[in-house]
Amino acid sequence: MMSLNRYRLRHLAKQGHRPARLASRLLKRTDRLIGVILIGNNFVNIAAASLTTIIAQRLWVDNPELGVSIATIILTLAVLIFAEVTPKTLAANHPEKIAFPASYLLQPLLWLLMPFVWIVNYIANGLLKLMRMDLDQDSKDLLSTEEFRTLVNEAGLLIPRRRQQMLLSILDLETVRVDDIMVPRHEVVGIDLDDDLRTIAETLRSSQHTRLPVWKGNINNVIGVMHMRNAAKVLSQPEFNKAELLQVTREPYFVPESAPLHTQLFNFQKEKRRIAIVVDEYGHVQGIATLEDILEEIVGDFTTDLASTSQDITPQDDGSYIVDGSITLRELNKSLNWDFSTDGPKTLNGLVLERLESIPEHNVCFKVDEYQIETLRVQSNTIAAAKIRKIETE
């Protein structure tokens, strides 16, 4: 009964499996279950010992002490082998085959012996309370996040590997922030209303994105977000102006860069939004985050080989990679299956500057954990490109 998988037991009970429902009902009060089992167990053991003693004394009338000693040894071995070790090992390895039929017997025994069970449990529980022991049964079946993570990892073939990764990714949403997955501001493609109509029209026609932020002057002055479906209606007109573009522009949706992804996912659903403008604590725009970015954290990227499709990562013949300095460490880890720490700097440029503690005047080469990083180009006080090689360890 105690070896039953509680979660499988609940599943079977919900499916209407009668023995599982009986076993589940009994396990809700383990103190009563243990009480009725031990009452019967001890009654049989004590009765067997008493009966064995009487038989031994009658068989060894001349030397009853010797008879009792021999009988005690024989009974101990018999009980250990046939009543304890063998059946309990069998039951522990096949709990459902033993526990489910036993439930039909234990339930009426519990009703029959309830007065004795109640007295025993009242005294035992009183002693446990005096020792300040927690008797809450429900809390013992609850799983923490880390325990559930271990459960998923050890599911083996019961859960396909791909689904395991998705479940673990959902758990990781609590530890990942919006600024970990956002598109940084210097990579944001949008519409600047200070540009002329020809430039704006060319940007709209050549855009590969469904939604574009609209700003005036600079990205910190975001006016709204334009859907390309609405923009196409305006572009189809022989002549259009900026006022007509503003009419099909939806007001912007701002989110803090420190928002956890699981919170932001719910906020996207609540606000009926698919794109958000990410701002820092001073209200300055840091980038944009989309619903697709969060979904990719759960199901993985929609491309098959990120290392070959990413413009920020260029593989070399010697096994190294030339990497753009603005790439985020999370994207680098996902693309190449590496494990740079993401607790500190978010980008490769930030990692290099943190380790060097200065902006290098010339290209340098250094080691970070098991990775060799060589700066290739320093531009505008940032690391524009670097060469990274994973050092193979024996």
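Mentor: Rings of Phe, Tyr and Trp pair if their centres lie within 6.5 Å. Keep that handy as we look at this predicted model. Ring pairs link Tyr321, Trp338, Phe340 and Tyr371 into a cluster.

Trainee: What makes Trp338 and Tyr371 a tilted pair?

Mentor: Their centres are 5.1 Å apart, and the planes meet at 45 degrees. Planes under 30 degrees apart count as stacked and over 60 as edge-to-face, so a value in between gets the word tilted.

Trainee: Which parts does that pair tie together?

Mentor: Trp338 sits in the loop between helix H16 and helix H17, while Tyr371 is in strand E12, so the pair joins parts that are 33 residues apart in sequence.

Trainee: How do you know whether Trp338 is buried or exposed?

Mentor: Check the number: Trp338 has 10% relative accessibility. Buried means under 20%, so Trp338 counts as buried. Tyr371, at 1%, is buried too.

Trainee: Why is the pair of Trp118 and Tyr122 called stacked?

Mentor: The structure holds 6 aromatic pairs. In the one made by Trp118 and Tyr122, the centres are 5.3 Å apart and the planes are at 15 degrees, so we say stacked. The cut-off for that word is under 30 degrees. Both residues lie in helix H6, and being 4 residues apart puts about one helical turn between them. Both are exposed.

Trainee: And why does Arg25 count as partly exposed?

Mentor: Arg25 has 48% relative accessibility. Exposed needs over 50% and buried needs under 20%, so Arg25 ends up partly exposed. Arg25 lies in helix H2 and joins Arg18, Arg21 and Lys28 in a surface patch of positive charge.

Note on methods
Residues are numbered from 1 along each chain as its sequence is written. This is a predicted model: local features need pLDDT of at least 70, side-chain atom pairs count only at pLDDT 80 or more; totals for chains, interfaces and linings use all residues. Side-chain values use heavy atoms; hydrogens and water are left out. Patches are made of residues with over 30% relative accessible area and no salt bridge: like charges are joined within 9 Å, nonpolar side chains (Val, Leu, Ile, Met, Phe, Trp, Tyr) within 5 Å. Accessible areas come from the Shrake-Rupley method with a 1.4 Å probe; for residues, only the protein chains shown count as cover. A salt bridge is a side-chain nitrogen of Lys or Arg within 4 Å of a carboxyl oxygen of Asp or Glu. Lys and Arg count as positive and Asp and Glu as negative; His and the chain ends are not counted. The place of a charge is taken as NZ of Lys, CZ of Arg, CG of Asp or CD of Glu. Helices (H or I, at least four residues) and strands (E, at least two) are DSSP runs, numbered from the N terminus. Buried means under 20% relative accessible area, exposed over 50%, partly exposed in between (1.4 Å probe, protein chains only).
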